[in-house]
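Take a moment to look over the chain from end to end before reading on. The paragraphs below go from the whole chain to one helix and then to the interior.

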Amino acid sequence: MAVRSILKMGNPALTVVSEPVADPSSPGIRALIDDMRETLDSVAGIGLAAPQIGTPLRVVLYALPASRIPAHARTQPVPWTPLINPVITPLTDRTVNLWERCLSLPGLYARVPRHPHIMIRWQSLDGQWNERECRGYHATLLAHECDHLDGVLYPARMPDASALAFASEVCGPRGVYTYSAAEFDGDDAS
């Protein structure tokens with residue numbers, strides 16, 4: 001396992017469409033997931049796509065720890081989950097604007113329109129296909145990470161650049177936006 005450098009916006013590797021993984025159970029994919037986890041742990045992150053560490057493969061690693069879920073939210077924690085060859089299907093035409101950030105754009109937050117209800121389908125490390133229905137912040141997190149697999153950073157999704165801000169202005173000294181339970185669960189129509 002190794003901590004890998006996280007590429008920043010402007011690096012051309014972040015604009016490349018990633019290749020599908022032919023064999024999710026290969027030792028190379030397991031080693032990549034281990035490096036992604038070590039890298040996330042080093043920055044207290046909860047989501048990373050392989051292109052962000054310079055590997056153009058359709059791999060995402062994420063978790064939704066209880067510490068990030070607001071009080072009274074219905075959303076349940078999710079342990080570290082590798083998503084191989086993920087595919088997202090929106091389950092609503094509606095979008096909401098939640099604050100999101102990215103390890104490839106450090107210090108910034110933006111309100112980005114995302115579908116608040118999705119289905120994600122992916123392969124696990126044993127090659128089995130899985131599906132999960134997600135709402136609210138969970139849906140936003142997965143859409144954000146999967147965008148990286150198509151070479152898309154969140155500013156490309158923003159219809160209005162005034163929705164981009166420094167984290168210190170949006171979050172204060174804590175550095176992480178505090179969502180309401182309704183926003184987090186996908187009940188807020190903002």
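What follows describes the overall fold, then helix 1, then the nonpolar cores.

This is a predicted model, in which local features need pLDDT of at least 70 and side-chain atom pairs count only at pLDDT 80 or more, while totals for chains, interfaces and linings use all residues. Residues are numbered from 1 along each chain as its sequence is written, and side-chain values use heavy atoms, with hydrogens and water left out.

The chain has 4 helices and 8 strands; helices (H or I, at least four residues) and strands (E, at least two) are DSSP runs, numbered from the N terminus. Along the sequence their order is α-β-β-β-β-β-β-β-α-β-α-α. The radius of gyration, taken over C-alpha atoms, is 16 Å, close to the 16 Å that the globule rule gives for 190 residues, so the chain is as compact as a globular protein of that length. That rule is 2.2 Å times the number of residues to the power 0.38. The C-alpha trace spans about 40 × 30 × 30 Å along its principal axes. Of the 190 residues, 49% are buried, meaning under 20% relative accessible area with a 1.4 Å probe, protein chains only.

Helix 1 covers residues 27–43, which is 17 residues. From first C-alpha to last it reaches 25 Å, close to the 24 Å expected at 1.5 Å a residue; the expected span is 1.5 Å times one less than the number of residues. Which residues of helix 1 are buried? They are Ile 29, Leu 32, Ile 33, Asp 35, Met 36, Thr 39 and Leu 40. These residues cover an arc of only 160° around the axis, which puts them on the same side of helix 1; the arc is that of the directions from the helix axis to the C-beta atoms. The buried residues of helix 1 pack against strand 1 (47–49), strand 2 (59–64) and strand 3 (78–90). Just after helix 1, Ala 44 has a positive phi of about 55°.

A nonpolar core is a set of buried Ala, Val, Leu, Ile, Met, Phe, Trp, Tyr and Cys residues joined through side-chain atoms within 4.5 Å. The largest one has 31 residues, and Leu 64 and Tyr 137 have the most contacts inside it. Helix 2 gives the most to this core, with 6 residues. Setting aside neighbours within four places in sequence, Tyr 137 is in contact (heavy atoms within 4.5 Å) with residues including Leu 64, Leu 98 and Phe 184. A second, separate core of 14 residues includes Leu 40, Ile 53, Val 59 and Ile 84.

Note on methods:
Buried means under 20% relative accessible area, exposed over 50%, partly exposed in between (1.4 Å probe, protein chains only).
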